[in-house]
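Reader: I'm new to reading protein structures. Could you walk me through this one with a few questions and answers?

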Amino acid sequence: MPSQSIDNAFTARNLTGGASDPTYAGALSFMRRKFSKNLKGAEAVVWGLPFDSAVSNRPGSRFGPQAIRRASAIFDNDPQYPFHRDLFEDLAVIDYGDCLFDYGYPQRAHGQIRREADKILRSGAFLLSLGGDHSVTWPLLQAHKEKHGKLALIQFDAHQDTWPDDGKRVDHGSFVLRAVREDVIDAGRSIQIGIRTHAPEDCGIRILHGYDVEEMRAQEIADQIIAHVGEVPAYVTFDIDCLDPAYAPGTGTPVAGGPSSAKILSVLRRLGPVNMVGADIVEVAPAYDHADMTAIAGASVAQHYLGLLAEKKAR
């Protein structure tokens, strides 16, 4: 089997090029990318954030990065749909592994994320983060704002995450309000898609509610996102509970009445014109999953991010 690879996550000699590990075997990095802490030459970095100490309902998303990596094994051989290309033919991507947290000091986790994210972004690489609960997006936004300036936030979610805090604590339901108050994101250029809960404040952020999304075509949703955000640097955050629990049951705060994975992945595929400078997928909690369907959806979101990057590079 001279054309087959095995354990490409460790044996790969280059950062580009597809792997051919059997889907049922081999080291489970994200899409078989090389595991490395060496940022030299990397154009995109996949990084796990196994933290879920800031949830308000069911815990378990600390296991999200593991589950997403496992599910991504099915994508690493053939040209990746819907991009008609091997995403890694020219795009150099590494799996940077996970952020190290001391579980005895959960209050230090966000600071650790911020420091390591700053280091990765200084290398010039695009950072794709795998959560973890949604609070991890707060230090990621801070790091990206430091590099790119004030950001537009594109948020796929069932929740607005604009609940109040005291200015010191932050959880997975309050980080957006904090980002607005501390001038990290531009509320007037930000948009939330799939919202089907109510919070005390909308902060001036544009909202496409869940029932509205159900009536809209994917192209219409994408067009509204692109028009609203414009050309400013945009950070895309995807809470897996944006999807209806029928498509993503493995999450901490599922809300019925959401869109299908097919529709929202189709929206993501159309976001090429957006100036996406960073992205994440969060709140995958495999303990509540069935047949890896939530993990597969999460891996598909991450794969679409990389597809947009590969497509942009090829232009």
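Author: Happy to! One definition to begin with: a residue is buried when its relative accessible area is under 20%, and exposed when that area is over 50%, with partly exposed in between. Please keep in mind that this is a predicted model.

Reader: Is Asp118 buried or exposed?

Author: The relative accessibility of Asp118 is 18%. The cut-off for buried is under 20%. Asp118 therefore counts as buried.

Reader: Which residue meets Asp118 in a salt bridge?

Author: Look within helix α3, where Asp118 has a partner 4 residues away, about one turn of the helix. That partner is partly exposed, with a relative accessible area of 23%. The two side chains meet at 3.2 Å, N to O, and the partner of Asp118 is Arg114.

Reader: How far apart are the end C-alpha atoms of helix α3?

Author: Helix α3 runs over residues 109–122, which makes 14 residues. At 1.5 Å a residue, α3 should span 20 Å. The model agrees with this, because the end C-alpha atoms of α3 are indeed apart by 20 Å.

Reader: What covers the buried residues of α3?

Author: The buried residues of α3 include Ala109, Ile113 and Leu121. Among the elements that cover the buried residues of α3 are strands β2, β3 and β4, together with helix α4.

Reader: Which residue forms a salt bridge with Arg70?

Author: Arg70 lies in helix α2, and its partner sits in the loop between β9 and α9, so the pair ties together parts that are 222 residues apart in sequence. Arg70 is partly exposed at 36% relative accessibility, and the partner is partly exposed at 29%. With the closest N and O atoms 3.2 Å apart, the partner of Arg70 is Asp292.

Reader: How many salt bridges are there by this rule?

Author: Besides the pairs above, another one joins Arg181 and Glu201, with the closest N and O atoms 3.6 Å apart. There is also a network of salt bridges that links Arg69, Asp95 and Asp98. By this rule, the count of salt bridges is 14.

Reader: How far apart in space are Gly250 and Thr294, C-alpha to C-alpha?

Author: Gly250 belongs to the loop between β8 and α8, and with a relative accessible area of 0% it is buried. Among the residues that Gly250 touches are Ile240, Tyr288 and Thr294. Although Gly250 and Thr294 are 44 residues apart in sequence, their C-alpha to C-alpha distance is 5.5 Å.

Technical notes:
Residues are numbered from 1 along each chain as its sequence is written. This is a predicted model: local features need pLDDT of at least 70, side-chain atom pairs count only at pLDDT 80 or more; totals for chains, interfaces and linings use all residues. Side-chain values use heavy atoms; hydrogens and water are left out. Helices (H or I, at least four residues) and strands (E, at least two) are DSSP runs, numbered from the N terminus. The expected span of a helix is 1.5 Å times one less than its number of residues. Buried means under 20% relative accessible area, exposed over 50%, partly exposed in between (1.4 Å probe, protein chains only). Contact means heavy atoms within 4.5 Å. A salt bridge is a side-chain nitrogen of Lys or Arg within 4 Å of a carboxyl oxygen of Asp or Glu. Lists of a residue's contacts leave out its neighbours within four places in sequence.
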